[in-house]
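Reader: I am in my first year of study and would like a close look at one part of this model. Would you please describe how one charged side chain is placed, and then set it beside the pairs of charged side chains found elsewhere?

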Amino acid sequence: MARKTIVQTANYGELTGFVHQKFNGKRAPLEVSIEVTRRCPLECLHCYNNLPMSDHAARAQELTFDEHCRLLDELVDAGCLWVLYTGGEIFARKDFLEIYTEAKKRGFLITLFTNGTMINERIADYLAEYRPFAIEITLYGATKETYEALTQIPGSYDRCMRGIRLLLDRGLPLKLKTVPTTINRHEIFEMKRLAEETFGVEFKFDSLINPRIDCSQSPLAVRLSPEQAVELDFAEPKRKEDYRRMAEQDLANPAGYVRPNEKYSCGGGIGGCAIDPYGVMSICVISHQQGYNIREGRFLEGWEGPLREIRNQPRTRPTICDRCQIQSLCSMCPANGELENGDQESPVSFLCQVAHLRAYAFGYEVPEHGDCECCEGGAHREELLAAAERLKNFKPDVSTWQKGRPTSPVLKVLQPNSGCGSGGCGSHASLHG
């Protein structure tokens, strides 16, 4: 008599719950982000890492197909479950579907980040047959005018819309998102309506814009002001209440609270890491001052050696962040300091202002935590308090925002190109010839 094989199944929530419970408090590379290229057909003004499609020097230095296969084998050995493929534009690599296929063969849960403009029927059909776990497409505007003012490429809006429809027609697991800028801010909630009502998919946004990883500060030319960023937060009731809850939890900490001495407090180097197109493993996709090249050894050698050492680095000096009690309202991390100030431990003024403004708009006072420019006597204190008063009386009417126009117009806007001057990105810049 043949023996019955019993296969135990679980839904995704049960799986993630089991995995996180099993690895709670342990260090394991469960999630790995892989940048397959930095080349992209768009020239978005806010982007931190895009390179021209014609950058042959960059393409020549990208991991080969065989190197990607070796990496995937090593990720299997390391116990990785989730793989995120990102760029640049992932489909800028002609062999991306072949790389993706190898990842599928190995059983990873795969998420794809793309701008959607290069998706055609062949790609959509292939993804329908070999489904990813998730696909996320970034929108840059709800209208052609705004979208292409940010991407700088005529025709890119129509190509993106076509890509979205090709994926949705095949029932693929799509989400849409955006990065609010001075160019598209007036259309954020029209993009939300387009996503949720027209396309029937989830939509999210994040106002954080970083300088470029080659040290150019040009993306900051289209970054929102702190007040504009918080105004967007407060226009969404759930997001606003989430920030209120986090503020209350933070401020409930005992007076004199000092954060742990480790430089890093995120999940980078603990539950996952990033690998750039040239094989450099780092804490995350925007941190590049320190890393390990997997071309010189195996993934686990980098994970257990250099990346563990990077993750365990102590802070080297006191800063205003040490005793700040509203850290949940702030996005400051070593990678942000590295990009904006050339120093991982140097607080980013914009992020500090946003965090304090969120607290002030809720009516909370921030306990003293050093020579902070946003607290009593600080250079930004009065302007933040004035903005907080405006936000307290803020009544979101997104219909009026949709009547606005980009504050940075038209195609081919010239932006400042000054670098960080720290030398921190110099070795990385050389990757692009």
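Author: A polar atom of the side chain of Arg315 lies 2.7 Å from the backbone oxygen of Pro260. The model is a predicted one, and the distances given here are computed from it. Arg315 is placed in the loop between helix H12 (306-311) and helix H13 (334-341). Leaving aside residues up to four places away in sequence, Arg315 touches Arg259, Pro260, Asn261, Glu262, Lys263, Asp322 and Glu345. Its relative accessibility is 13%, and Arg315 therefore counts as buried, since the cut-off for that term is under 20%.

The charged pairs come next. Side chains of opposite charge can pair when their charged atoms come close. The structure holds 40 salt bridges. One of them joins the side chains of Asp73 and Arg106, with a distance of 2.7 Å from N to O. This pair links distant parts of the chain, 33 residues apart: Asp73 belongs to helix H3 (residues 65-78), while Arg106 sits in the loop between helix H4 (96-105) and strand S5 (109-114). Asp73 counts as partly exposed at 37% relative accessibility, and Arg106 also counts as partly exposed, at 25%.

Another salt bridge is formed by the side chains of Asp77 and Arg298, at 3.4 Å from N to O. Asp77 lies in helix H3 and Arg298 in the loop between strand S11 (292-293) and helix H11 (299-304), so this salt bridge ties together parts that are 221 residues apart in sequence. With a relative accessibility of 54%, Asp77 counts as exposed, whereas Arg298, at 40%, counts as partly exposed.

A further pair lies within a helix. Lys105 forms a salt bridge with Glu102, and their closest N and O atoms are 3.2 Å apart. Because Lys105 and Glu102 are three residues apart in helix H4, about one helical turn separates them. The two partners differ in their surroundings: Lys105 is exposed, with a relative accessible area of 61%, but Glu102 counts as buried at 15% relative accessibility.

Finally, salt bridges can also be joined to one another, as in the network that links Lys192, Glu196, Asp233, Glu236, Arg239 and Arg358.

Methods. Residues are numbered from 1 along each chain as its sequence is written. This is a predicted model: local features need pLDDT of at least 70, side-chain atom pairs count only at pLDDT 80 or more; totals for chains, interfaces and linings use all residues. Side-chain values use heavy atoms; hydrogens and water are left out. Helices (H or I, at least four residues) and strands (E, at least two) are DSSP runs, numbered from the N terminus. Buried means under 20% relative accessible area, exposed over 50%, partly exposed in between (1.4 Å probe, protein chains only). A polar contact is a pair of N or O atoms within 3.5 Å; within protein, one must be able to donate a hydrogen and the other to accept it, and residues adjacent in sequence count only if both atoms are side-chain atoms. Contact means heavy atoms within 4.5 Å. A salt bridge is a side-chain nitrogen of Lys or Arg within 4 Å of a carboxyl oxygen of Asp or Glu.
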